[in-house]
Amino acid sequence: TPDYQALGAQSAYGLTFLSNIYYWRSAGYFDAAAQEKWLLHTWSLAVEAQFYVLYPIFVALMWRFWAGLKALTLGLLVLFVASLALNLVATFWQPTAAFYLLPTRGWELAAGGLVYLIARQDWVSAAIKARGFWLGWILVIGSFAFIEESFAWPGYWAILPVLGASLIILGQRETCFLTDNAVAQWLGDRSYSLYLWHWPLVVALYFAGLQSDWAWVLGFLTLSLLLAHLSYRFVEVPTRSYLSAASLRKEILAIAAAGAVIGMAAVSVKLFVFDGRVDSKIEIAANEAINRSAVIKKCTHPMRDMGFDNGCNFGEEYPKALVIGDSHADALIGALIHAGKSHGDSVFYRAMYGCPSIRDAKLYTSDESEREQDRACKKFNSDGIALLEEKPKNIPIVLINRFSSTLLGALPSEKTLSSEAKEFITKNIQHNKTQLTQTLCELSRQRNTFTIRPIPEMGIDVPKTLSRNIMFGRGNEDIKITLEA
């Protein structure tokens, strides 16, 4: 199924510590929700691995040309400030890249290096360390209380927990009751294993539709602690002991062998379909999520694409219809192509995901990344209108768009939109209504113009929901839409 093959890709990238780049590049219009990505949490491990590869090189170069702790501290401080500044800018300019990539997250790791160097040089008095220690706890606990899901991240809000953790480490209070207790020590020893286990269990809850059932949530939390302990006891500790005692050659061979086995398995899962792995009904339902024409997909422009072609003509005869639209056109164009072929006619098609066929539509916030999409959409529409003027006037236009979003605002299920974006869209609804009327009038003066009324939207991914309902023996009561919606 698509979920299984996606897991193969995630495993391969996680194995090479490039999963942060994979999730950055795969984030997009039709990207799966975070709760559906089994190995999403490995993105942070990838960032750490990349930092730990580059940091020793940086230290070696600094020591080669400017030996001394003070020079090294200054150099690391410059990198820290540069990465932090890039993070603050990129969070609003390219938010996805800012979240996943090392240049915008490196300052969080560099903070640890700065704490170590400052402590080594005794630049901070014991009294300041003591006060900073408790201030650090206030910042960390305050982060849980004040930072919300809707906040741009990492951005300046990330400074709070990073500064808090840095102050706690700098304080060096080994006997503090908050950390010097059996529970904290037990969790600390198993924190890496716990991190590895917690997210797949969250995804499992989501797949089973139990994420809102507190009994199951608590049960899975307990299970994550148990699995973390078993991993720590029987995998982490023995592996660390063996690699520490083994020669460099044996260590490299052991890691390479394990990596090769896991890598081949991951690539096989990604590239090959294993029939009969699950019930055929599950596969049929799940595969509908990718039941899209590869040819049509090539003719639908991704968001932020500024290099447009002149559209696609399906059929050998001169087109009998000009189909223009967004992702909804991508979903319905196949029916028009089929109808055209059945009559020996062809269909012209041109569409862009997330771009309504409205001249000068206002959809997005003032963020730079979204202004880029806005510009791409405006150019796509202006080029399209110019292109249509070249077509014979006896060929009708069929507009297929998600006008419900443009004219009514975001659906309640669209949690990925920020509150600012929803507010901005709401404010511009009247503008879009006026512009749609003007656009339709402009087009209809040239030729017959047809619009497909907004298609009712479920608010859920039907193929995935249906396949999981079959897998877990549930009914399909959640696959419905109310008359009010």
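Trainee: How far apart should the end C-alpha atoms of helix α4 be?

Mentor: Take 1.5 Å a residue. Helix α4 runs over residues 69-93, 25 residues, so it should span 36 Å. In this predicted model, its end C-alpha atoms are 35 Å apart, which agrees.

Trainee: Which residues of α4 are buried?

Mentor: Leu72, Thr73, Gly75, Leu76, Phe80, Ser83, Leu84, Asn87, Ala90 and Thr91. Their cover includes α3 (42-65), α5 (95-100), α6 (102-120) and α8 (159-171).

Trainee: Why do residues three or four places apart in an α-helix point the same way?

Mentor: An α-helix has 3.6 residues a turn, so such residues share a direction. Now take a salt bridge in helix α16: Asp383 and Lys379 lie four residues apart, about one turn. Their side chains meet at 2.8 Å, N to O. Asp383 is partly exposed at 30% relative accessible area. Lys379 is partly exposed too, at 34%.

Trainee: What about Arg240 and Glu236 in α11?

Mentor: They too sit four residues apart, in a helix covering residues 214-245. The closest N and O atoms of their salt bridge are 2.8 Å apart. Arg240 is partly exposed, at 42%. Glu236 has 17% relative accessibility; buried means under 20%, so Glu236 counts as buried.

Trainee: Where do Glu442 and Arg359 lie?

Mentor: These two form a salt bridge, with closest N and O atoms 3.0 Å apart. Glu442 is in helix α19 (429-444), and Arg359 is in the loop between β4 and α16, so the pair ties together parts 83 residues apart in sequence. Arg359 is partly exposed, at 34%.

Trainee: How many salt bridges does the count come to?

Mentor: Six.

Note on methods
Residues are numbered from 1 along each chain as its sequence is written. This is a predicted model: local features need pLDDT of at least 70, side-chain atom pairs count only at pLDDT 80 or more; totals for chains, interfaces and linings use all residues. Side-chain values use heavy atoms; hydrogens and water are left out. Helices (H or I, at least four residues) and strands (E, at least two) are DSSP runs, numbered from the N terminus. The expected span of a helix is 1.5 Å times one less than its number of residues. Buried means under 20% relative accessible area, exposed over 50%, partly exposed in between (1.4 Å probe, protein chains only). Contact means heavy atoms within 4.5 Å. A salt bridge is a side-chain nitrogen of Lys or Arg within 4 Å of a carboxyl oxygen of Asp or Glu.
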